[in-house]
Amino acid sequence: MKDLFYNLLIPFSNRVAAFSSSKLRVLAYHTIDDPYLFEKQLKYLKSSYKVIGIFELEQFLFDGADLPKNAVLITFDDGDLSVLDFGLPLLKKYNMPSVMFVITGLIDSKKTFWCRWVELAIQNQGKSYAEARVVVNRLKKMDNEERVAYLNKLEPIVSKQLTRNDILKMHSEKMFVGNHTHTHPMVDKCTSEELQGELKTSKDSFKNWGLPGYQIFAYPNGNWDAKSEKILIDNEIKMAFLFDHQLNKKDVNPMRISRIRVNSDTKLHEFKVKVSGLHSKLMKFKENIT
Ligand SMILES: [Zn+2]
């Protein structure tokens with residue numbers, strides 16, 4: 001049913017794509033669960049769009065350079081190992097640049113990304129995944145101090161994380177390493193001091209690694225507010241990415257760059273509709289189309 005739905009939308013999405021060829025599209029992935037479909041997506045992007053890197057976007061935003069028509073930037077959030085293992089080799093194969101937004105406090109650690117940590121801990125108590133997600137979503141709405149207090153009471157769960165060498169490898173292979181805070185708090189639930197602390201520690205991490213990505217930021221969970229944006233600007237962040245499932249307008253604000261949500265296992269028809277921008281338009285009318 002879902003396949004048929006997206007199939008029917010293809011002619012319309014082609015028209016939307018052609019009509020909005022001058023708009024920047026930024027794709028937001030998290031993990032590479034299906035390398036086979038991900039490769040199909042990359043082949044499609046290669047044939048129908050122009051994949052750009054962060055430096056081309058920077059020159060467009062700050063130096064008055066033109067963007068190529070049908071420009072797409074590929075991004076990943078959270079530093080999942082599957083992106084290094086399965087995504088990077090494919091991006092390399094098709095010679096495509098990309099951006100990985102890392103949670104700096106996880107690099108070279110054995111910690112578990114907190115959303116995953118809560119999911120595992122709750123399921124270890126015999127609850128279902130759905131029940132665990134309810135708790136994660138509740139934590140996302142709490143004041144940061146309260147969320148941290150909850151996490152401090154959980155049993156630690158060990159995970160394998162990206163190492164410094166991994167991110168240096170990514171950087172050398174055209175996967176730019178950007179900033180996704182130090183611990184992935186919801187920035188709109190942080191006090192000014194908490195957010196400044198996050199930025200300071202992530203800045204130190206980038207400095208230690210000798211990488212330039214501190215100033216290129218993605219909002220955890222896409223949570224944006226005006227107060228946080230001001231703090232980011234005051235702390236030298238010059239580009240910030242949202243998670244709002246929209247294309248960018250021509251006069252894109254560098255501190256509010258829209259991104260389209262996609263997954264590596266999104267089937268090609270659905271992927272085409274999402275990248276075109278048609279899905280974003282439909283979402284405005286109907287929240288439930290996934
Ligand atoms: Zn994230």
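The following questions and answers go through a predicted model of a protein chain with a zinc ion.

Reader: Which residues coordinate the zinc ion, and which loop holds His-184?
Author: The zinc ion is coordinated at 2.1 to 2.2 Å by an OD atom of Asp-78 and by the NE2 atoms of His-180 and His-184. Along the sequence these donor residues follow the spacing D-x101-H-x3-H. Asp-78 and His-184 lie 106 residues apart and link distant parts of the chain, with Asp-78 in the loop between strand 3 and helix 4, and His-184 in the loop between strand 5 and helix 9.

Reader: Is Asp-78 buried or exposed?
Author: A residue counts as buried when its relative accessible area is under 20%. Asp-78 has a relative accessibility of 14%, and therefore this zinc donor is buried.

Reader: How many residues of strand 5 are buried?
Author: On one side of strand 5 stand Met-175, Val-177 and Asn-179, on the other stand Phe-176 and Gly-178, and all of these are buried, so that both faces are covered. The strand is therefore largely enclosed by the rest of the structure, and the number of its buried residues is five of the five.

Reader: Which residue stands opposite Val-177 in strand 5?
Author: Strand 5 pairs with strand 4, which covers residues 98-102, and the two run in the parallel sense over five bridges. Within strand 5, the residue Val-177 has as its opposite Met-100.

Reader: What is unusual about the phi of Thr-181, and what is its relative accessibility?
Author: Most residues other than glycine have a negative phi. Thr-181 is not a glycine, and yet its phi is positive, at about 70°. This residue sits in the loop between strand 5 and helix 9, and it counts as buried because its relative accessibility is 0%.

Reader: Where is His-245 found, and what is its phi?
Author: His-245 is found in the loop between strand 7 and strand 8, and with a relative accessible area of 5% it is buried. Although His-245 is not a glycine, it has a positive phi of about 60°.

Reader: Which three residues supply 38% of the area that domain 1 buries against domain 2?
Author: The domain assignment gives domain 1 as 2-109 + 161-285 and domain 2 as 111-159, and their centres, taken over C-alpha atoms, are separated by 25 Å. The contact takes 14 residues from domain 1 and 12 residues from domain 2, and the area buried between the domains is about 1100 Å², with 52% of it given by carbon and sulfur atoms. On the side of domain 1, the three residues that supply 38%, more than any other three, are Gln-161, Met-186 and Lys-189.

Reader: How many residues apart in sequence are the parts that the pair of Glu-58 and Lys-238 ties together?
Author: The side chains of Glu-58 and Lys-238 meet in a salt bridge, with 2.6 Å from N to O. Glu-58 is buried at 17% relative accessibility, whereas Lys-238 is partly exposed, with a relative accessible area of 29%. Because Glu-58 lies in helix 3 and Lys-238 in the loop between helix 10 and strand 7, the pair ties together parts whose separation in sequence is 180 residues.

Reader: By about how much of a helix are Lys-230 and Asp-234 separated?
Author: Lys-230 and Asp-234, which are both exposed, have side chains that meet in a salt bridge of 3.0 Å from N to O. Because they are four residues apart in helix 10, their separation is about one helical turn.

Key. Residues numbered from 1 in each chain as written. Predicted model: local features only at pLDDT ≥ 70, side-chain atom pairs only at ≥ 80, totals over all residues. Heavy atoms only, no water. Donors = N, O, S within 2.8 Å, 3.2 Å for Na, K, Ca; no water. Buried < 20%, exposed > 50% of the residue type's maximum accessible area, 1.4 Å probe, protein only. Pairing = 2+ DSSP bridges. Domains from an automatic or database assignment. Contact = heavy atoms within 4.5 Å. Buried area = accessible area lost by both parts, 1.4 Å probe. Salt bridge = Lys/Arg side-chain N within 4 Å of Asp/Glu carboxyl O.
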